[in-house]
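Me: I'd like a close look at one part of this protein, and I'd like it in plain words. Here is what I have in front of me.

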Amino acid sequence: MSSAPGDGIPDDAPVYVISVAAELAGLHPQTLRQYDRMGIVRPRRAGGRYRLYSMRDVRRLRQVTELTAEGLNLVGIQRVLDLEERFAAVWDLVEDGLLRERVVAMGSLRELLLRTDRSLALLG
C-alpha cells in the first residue's frame, strides 16, 4: 500500500523527518518525541540519530489524536493500539489460511486424544 495514490512509496517506508510528520499529523514535534518515549509510535532512526516516520506512523498519530479527543488517556490509547495490532496479526493468519490449518490440526489432535482416552478406559 502506498503513502499517497500513485507515489509508489510503501506505507511503512520511513521517509518523514519529525517536523514533517508532526505537520502531517497536526501535532507538535515535542508531542511526537513524547509518544516515541512512551512507545506509542516507533519511528525508525537514521544513523541512530534522526527519527524518520512512515505514513503508517502518521496515521497512527492521527488515531492517537482522535482517541484523545474521545477522552482516552495515553495508557488507554496504548492498550487500544496494542490490541488492534494483535487483532491485525491474527487476521493476517486467518487470511493466510495458517490459523485455519492450525484449528484443523488441533481438531485432529483432539480426536486422537479422545480415542486414546477411550482405549485406556477400556484397558483399565
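Which residues in helix 1 meet which residues in helix 2? Please start there and work outwards into the core around that spot.

Reply: Happy to. Keep in mind that this is a predicted model.

On the helix 1 side you have Ile 18, Ser 19, Ala 21 and Ala 22, and these meet Pro 29, Leu 32 and Arg 33 of helix 2. The two helix axes come within 8 Å and cross at roughly 100°. That makes helix 1 roughly perpendicular to helix 2.

Take helix 1, residues 18–25, by itself for a moment. Its buried residues are Ile 18, Ala 21, Ala 22 and Ala 25. Around the axis they cover an arc of only 100°, so they sit on the same side of helix 1. What do they pack against? Helix 2 is one of the partners, along with strand 1 (16–17), strand 3 and helix 3. After helix 1 comes Gly 26, with a positive phi near 75°.

Now helix 2, residues 29–38. Here Leu 32, Tyr 35 and Asp 36 are buried. Looking down the axis of helix 2, you find those buried residues within an arc of 105°, so they line one face of the helix. They pack against helix 1, strand 2 (44–46), strand 3 (50–53), helix 3 and helix 4. Helix 2 also has a glycine after it: Gly 39, whose phi is positive, near 85°.

Leu 32 is the residue to follow from here. Apart from meeting helix 1 as part of the helix 2 group, Leu 32 belongs to the largest nonpolar core, which has 18 residues. Within that core, Leu 32, Tyr 35, Tyr 53 and Leu 61 touch the most other members. Helix 1, helix 2, helix 3 (55–69) and helix 4 (74–96) each supply at least two residues of this core. Helix 3 gives the most, with 5 residues.

Let's go through the other hubs, starting with Tyr 53. Tyr 53 lies in strand 3. Its relative accessibility is 0%, so Tyr 53 counts as buried. Leaving aside neighbours within four places in sequence, Tyr 53 is in contact with a run of residues that includes Ala 13, Pro 14, Val 15, Tyr 16 and Val 17. The Tyr 53 contacts also take in Ile 18 and Ala 21, and both of those are among the helix 1 residues that meet helix 2. Leu 32, Val 41, Pro 43 and Leu 61 are on the Tyr 53 contact list too.

Next, Leu 61. With neighbours within four places in sequence left out, Leu 61 is in contact with Ala 25, Leu 27, Leu 32, Tyr 35, Val 41 and Tyr 53. So what can you read from that list? Ala 25 is one of the buried residues of helix 1, while Leu 32 and Tyr 35 are buried in helix 2, which means Leu 61 touches buried residues from each of those helices.

Val 41 turns up in both contact lists, for Tyr 53 and for Leu 61, so it deserves a look of its own. You'll find Val 41 in the loop between helix 2 and strand 2. Despite that loop position, Val 41 is buried, with a relative accessible area of 1%. Not counting residues up to four places away in sequence, Val 41 touches Leu 32, Tyr 35 and Asp 36, the three buried residues of helix 2. Val 41 also touches Tyr 53, Asp 57, Arg 60 and Leu 61. In sequence, Val 41 and Leu 61 are 20 residues apart, but their C-alpha atoms are 7.3 Å apart in space. For Tyr 53 and Val 41 the numbers are 12 residues in sequence and 9.0 Å, C-alpha to C-alpha.

One last stop is Gln 78, in helix 4. At 14% relative accessibility, Gln 78 counts as buried. Leaving out residues up to four places away in sequence, Gln 78 touches Met 38, Gly 39, Ile 40, Arg 42 and Arg 60. Gly 39 is the residue with positive phi that follows helix 2, and Arg 60 is also touched by Val 41.

Note on methods. Residues numbered from 1 in each chain as written. Predicted model: local features only at pLDDT ≥ 70, side-chain atom pairs only at ≥ 80, totals over all residues. Heavy atoms only, no water. Core = buried A, V, L, I, M, F, W, Y, C linked by side-chain atoms within 4.5 Å. Buried < 20%, exposed > 50% of the residue type's maximum accessible area, 1.4 Å probe, protein only. Helix = DSSP H or I, 4+ residues; strand = E, 2+ residues; numbered from the N terminus. Contact = heavy atoms within 4.5 Å. Arc of directions from axis to C-beta. Axes fitted to C-alpha atoms, helices over the stretch in contact; angles between N-to-C directions. Parallel < 35°, antiparallel > 145°, perpendicular 65-115°, else oblique.
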